[in-house]
Amino acid sequence: MQVALEALKYQHSALVQSFAALTHVDQGSSLRVSLPTAKEEEEMHTPSTGFSTLGRASQRLSSQSESSVWFDAPEYDGAEEFVMDEPEEDSNLSKLIEGTRADIPTGSTEKTDQESESSDAESDLGQEESHTQPTDDLEVELTTDQTVTHRTQLPSPPVGDEGSLFAVLKKNVGKDLAQVALPVSFNEPLTLLQRIAEELEYHDLLSEAVRCQDPTERLCYVAAFAVSAYASTKYRSGRKGFNPMLGETFEDPRLHFLAEKVCHNPVVLAYHAEGEGWKLHATSSGKTKFWGKSLEIIPQGTTHLLIADDHYEWTRPSSFMRNLMMGTKYLEHTGKMVVQNRSTGARCILEFKESGYWGIPNQVAGTVISPAGHTVTHLEGKWDEQISQKLDASHLRVLWRMAPFPRDAPEYYGFTSFGITLNEVTPDLKDKLPPTDSRLRPDVRALEEGDVDLAEQEKVRVEEMQRERRRQGDERKPRWFKKVGEEWEYVGGYWEQRARGWKDVGPLW
């Protein structure tokens with residue numbers, strides 16, 4: 001009996017708080033939502049897709065009383081909500097609550113009443129001050145500082161078959177894949193410049209490194225950041241990014257990121273990003289080798305990171321696209337990556353392990369070595385899950401954990417939530433982007449919207465325009481980066497020019 005009483009107390013408290021929250025939503029904003037009755041729900045055939053609804057309710061009933069109906073979780077992408085009809089005063093549930101209310105301790109009741117009154121007061125205040133609230137996570141709220149909510153899904157999934165990469169490779173044995181013209185069906189709706197920005201999704205790890213005073217701990221966070229660059233590739237085994245035009249750029253103000261294609265043959269990309277207390281720049285290039293059943297991508301170029309007096313640098317191991325002939329294609333990163341502090345000599349040796357036929361996939365193990373050459377700590381984890389520091393035989397400290405993929409990621413090119421945002425033109429970017437930005441490429445935009453034929457036509461047209469500029473000796477020169485030795489470094493001035501406008505910059509397509 002005591003157990004049942006405690007359960008009823010808990011249910012009563014939860015229901016009171018739920019009703020208060022629903023009242024707050026209805027009274028405290030300009031979005032007023034009428035919860036459907038049971039009869040209206042039963043008569044629904046096509047769920048509403050408007051922004052003013054709470055979600056798409058299932059028609060399967062999980063429980064029913066005389067005047068209240070509970071529904072299963074809405075089956076749609078995004079936040080999940082449970083929709084509940086408010087019971088009438090004469091319902092069995094109300095009578096049950098009234099019968100148990102007297103048994104609830106006085107202190108608990110007073111606390112609940114106070115919280116409800118406070119919630120009502122806040123609702124009244126919010127109703128006076130609120131004008132327009134966003135009604136969905138896809139809607140953008142523009143204020144004086146242009147707060148932007150990014151999209152959560154691409155306009156279209158891939159249309160048509162990606163084609164046989166093996167068949168293309170057989171005709172181009174010994175050639176660099178970057179120099180082979182592939183049909184647009186082999187592409188994903190991002191350029192290689194945008195894919196570089198995708199690797200910096202977890203730049204908050206660098207902010208953590210800045211806050212660390214212990215050099216070993218700081219090196220661990222830098223190493224975790226270097227590993228996190230691979231996280232977005234988990235489902236990316238069948239398509240490649242668009243090859244940028246010479247002089248093409250891509251910016252991301254969220255991390256003060258700028259990338260530019262600085263050389264066409266071989267393809268060389270340079271990029272620069274910075275945050276509070278850190279700066280990062282790198283030169284990215286690569287080669288490919290066809291091994292019959294797999295394709296090896298060999299990254300070239302060094303990543304440099306500056307935090308206070310510490311200068312870190314690292315190069316990346318090879319990546320392999322497996323099962324090209326038959327079976328399920330997948331991407332595997334194998335080899336060693338050494339993250340070295342050039343200022344002190346400390347380093348972290350990370351090994352991306354090959355899974356083999358029976359091995360555990362995607363494992364990474366690291367050893368942190370002091371400037372004196374002593375092993376001071378170890379790292380372990382997976383590049384598509386998390387990286388932890390091993391404190392002792394039975395304790396780990398998680399340094400980085402990957403954010404969950406969208407539910408339908410495999411059906412939408414395998415993009416992460418961050419990757420989905422890279423090709424959208426949000427209101428804060430409108431009229432701010434230079435004509436050279438990847439977001440403005442017509443072939444990438446057409447593929448993103450599912451028009452493969454138009455994407456193919458535009459891809460051919462854009463590439464022919466670049467060939468024509470080359471024939472006329474009018475190729476674009478790098479504007480924002482200059483070559484220093486074997487590296488390309490940012491010369492500055494991009495964000496200042498952005499503020500002034502792009503009248504002197506011509507389009508590339």
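## Close-up views of a predicted model

**View 1. Tyr413 sits in the loop that runs between strand E18 (395–401) and helix H9 (417–420).** Keep in mind that everything here comes from a predicted model. Tyr413 isn't a glycine, yet its phi is positive, at about 65°. Its relative accessible area is just 6%, so Tyr413 counts as buried, the cut-off being under 20%.

**View 2. Asn362 is another non-glycine residue with a positive phi, near 65°.** To find Asn362, go to the loop between strand E14 (347–352) and strand E15 (363–369). Is Asn362 buried or exposed? With a relative accessibility of 14%, Asn362 goes down as buried.

**View 3. Asn265 and Pro266 are joined by a cis peptide bond.** Omega for this bond is about 0°. Pro266 belongs to the loop between strand E6 (257–263) and strand E7 (268–275).

**View 4. Helix H8 covers residues 215–228, which makes 14 residues.** From the first C-alpha to the last, H8 reaches 20 Å, close to the 20 Å you'd expect at 1.5 Å a residue. Look at where the helix begins: a side-chain oxygen of Asp214 comes to within 3.2 Å of the backbone nitrogen of Thr216. How much of H8 is buried? The count is 11 of its 14 residues, so H8 is largely enclosed by the rest of the structure. The buried ones include Arg218, Leu219, Cys220 and Val222, and Ala224, Phe225 and Ala226 are also among them.

**View 5. Tyr221 is one of the residues of helix H8, seen here with its contacts.** Tyr221 has 9% relative accessibility, so it counts as buried. Which residues does Tyr221 touch, once neighbours within four places in sequence are left aside? They are Leu205, Glu208, Ala209, Cys212, Arg397 and Leu399. For one of these contacts there's a backbone distance too: Tyr221 and Ala209 are 12 residues apart in sequence, and their C-alpha atoms are 5.5 Å apart in space.

**View 6. Ser228 is also found in helix H8, and its side chain has a polar partner in the backbone.** That partner is the backbone oxygen of Phe225, which the Ser228 side chain reaches at 2.7 Å. Ser228 has a relative accessible area of 3%, so it is buried. Not counting residues up to four places away in sequence, Ser228 touches Tyr202, Leu205 and Trp400.

**View 7. The largest nonpolar core takes in 65 residues.** Inside this core, the residues with the most contacts are Phe257, Leu305, Trp314 and Leu350. H8 gives the most to this core, with nine residues. Apart from it lies another core, of 11 residues, which includes Leu258, Ala270, Phe481 and Trp488.

**View 8. Leu350, one of the residues with the most contacts inside the largest nonpolar core, gets its own close-up.** Not counting residues up to four places away in sequence, Leu350 touches Ala223 and Val227, both of them among the buried residues of H8. Under that same sequence limit, Leu350 also touches Gly335, Lys336, Met337 and Val339. Val364, Ala365, Gly366 and Leu379 complete the list of its contacts.

**View 9. Gln194 lies in helix H6 (residues 192–198) and makes polar contacts with the backbone.** The Gln194 side chain reaches the backbone nitrogen of Thr191 at 2.7 Å and the backbone oxygen of Leu422 at 3.3 Å. Is Gln194 buried or exposed? Its relative accessible area comes out at 0%, so Gln194 is buried. Setting aside neighbours within four places in sequence, Gln194 is in contact with Phe250, Leu422, Asn423, Ser438 and Arg439. Take Phe250: it is 56 residues from Gln194 in sequence, but the two are 6.6 Å apart in space, C-alpha to C-alpha.

**View 10. Zoomed out for context, the protein chain comes to 12 helices and 20 strands.** The chain has 509 residues, and 43% of them count as buried. Among contacts with a separation of 6 or more, 56% are between residues 24 or more positions apart. The accessible surface of the chain is about 27,100 Å², with 51% of it belonging to carbon and sulfur atoms.

Conventions: Residues are numbered from 1 along each chain as its sequence is written. This is a predicted model: local features need pLDDT of at least 70, side-chain atom pairs count only at pLDDT 80 or more; totals for chains, interfaces and linings use all residues. Side-chain values use heavy atoms; hydrogens and water are left out. Helices (H or I, at least four residues) and strands (E, at least two) are DSSP runs, numbered from the N terminus. The expected span of a helix is 1.5 Å times one less than its number of residues. Buried means under 20% relative accessible area, exposed over 50%, partly exposed in between (1.4 Å probe, protein chains only). A polar contact is a pair of N or O atoms within 3.5 Å; within protein, one must be able to donate a hydrogen and the other to accept it, and residues adjacent in sequence count only if both atoms are side-chain atoms. A nonpolar core is a set of buried Ala, Val, Leu, Ile, Met, Phe, Trp, Tyr and Cys residues joined through side-chain atoms within 4.5 Å. Contact means heavy atoms within 4.5 Å. Accessible areas come from the Shrake-Rupley method with a 1.4 Å probe; for residues, only the protein chains shown count as cover.
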